[in-house]
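Hi everyone, thanks for making time this morning. I'd like to walk you through one structure, so let me put it up on the screen.

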Amino acid sequence: LQVVKKKRRLFNLKPIVIYGAGGFAREVAMLIEQINSRQSTWNILGFIDDNQDNTGKIINGYKILGGNQWLKDKEVNVVLGIGSPKIKENIIKKLLKYKKLLFPNIIHPDVHLHHTNRIGEGNVICEGNILTCNIELEDFVTINLNSTIGHDVIIKSYSTILPNSSISGNVKFERSVDFGTNATIIQGKTIGESTIIGAGATVIHDLPAHCTAVGSPAKPIKYHNVRR
């Protein structure tokens, strides 16, 4: 009878896989478990790892199912367990050929969200974050632990906010920004596409695209080659 009840519960849960098998992927699995502890929602099938040597390994109780080919013709939810904006973007380009995949938002139940916020798909918002009002998150944005995001902020697709960051109102992150641990940006500033902000940096001026900026105030120290 207990086995039947367990199968019935699993049948009612939505199947999900975590793309990646590193440290953040394990944290995403933990995040999903935290969601399930409040309301049973997800059945974690396992991890996806394109390193075929890892297929079949068990990580924190979940199996590495295979590479992205495992997803072919499957109707399943996928969440990215990867922080790097560039890698996230490259993965999604591969996965878009699989038309049946779904990309839900995975949000810790204690995250503060206002009804005026607009959120796309495939976003991951971890525990301890506060998002105030009239915020726009596009797709596949990662917001790690314990950050604050003020009113009217726009964060474009694939960007990543690392832990304990402070983002003031009317800030704009262009596509694929990587915002470092304990970094701060004052109100009304813009960070250009694919720019990396170092840990502990303080952004008080607009920053251009495709650079790495560090320090207080944050200044570009190098520019990245961009493939056309």
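Let's start with two strands: E1, residues 14–19, pairs with E5 in the parallel sense, over four bridges. If you want a spot to look at, find Val17, which stands opposite Val78 in E5. Do keep in mind as we go that this is a predicted model.

Now zoom out a little. Those strands belong to an open sheet of five, in the order E3-E4-E2-E1-E5, and the pairing is mixed. Which strands stand at the edges? They are E3, residues 58–59, and E5, residues 77–80; each has a single partner strand, so one side of each is left without a neighbour in the sheet. As a quick reminder, strands of a sheet pair through backbone hydrogen bonds, either parallel or antiparallel.

On to the helices. Helix H2, residues 23–38, lies across E1, E2, E3, E4 and E5, and runs at about 175° to E2. Helix H3, residues 85–95, also packs on the sheet, where it touches E1 and E5. The direction of H3 makes about 160° with that of E5.

Finally, let me take you to a serine further along the chain. Ser147 sits in the loop between strand E11 (142–143) and strand E12 (148–149). Is Ser147 buried or exposed? It is buried, because its relative accessible area is 1%, and buried here means under 20%. Among the residues Ser147 touches are Gly128, Asn129, Ile130, Pro163 and Ser165. With Ser165 there is a polar detail too: the side chain of Ser147 reaches the backbone nitrogen of Ser165 at 3.0 Å.

That's my tour, thank you!

Definitions and conventions: Residues are numbered from 1 along each chain as its sequence is written. This is a predicted model: local features need pLDDT of at least 70, side-chain atom pairs count only at pLDDT 80 or more; totals for chains, interfaces and linings use all residues. Side-chain values use heavy atoms; hydrogens and water are left out. Buried means under 20% relative accessible area, exposed over 50%, partly exposed in between (1.4 Å probe, protein chains only). A polar contact is a pair of N or O atoms within 3.5 Å; within protein, one must be able to donate a hydrogen and the other to accept it, and residues adjacent in sequence count only if both atoms are side-chain atoms. Contact means heavy atoms within 4.5 Å. Two strands pair if DSSP finds at least two bridges between them. Axes are lines fitted to C-alpha atoms, for helices over the stretch in contact, and angles run from 0 to 180 degrees between N-to-C directions. Lists of a residue's contacts leave out its neighbours within four places in sequence.
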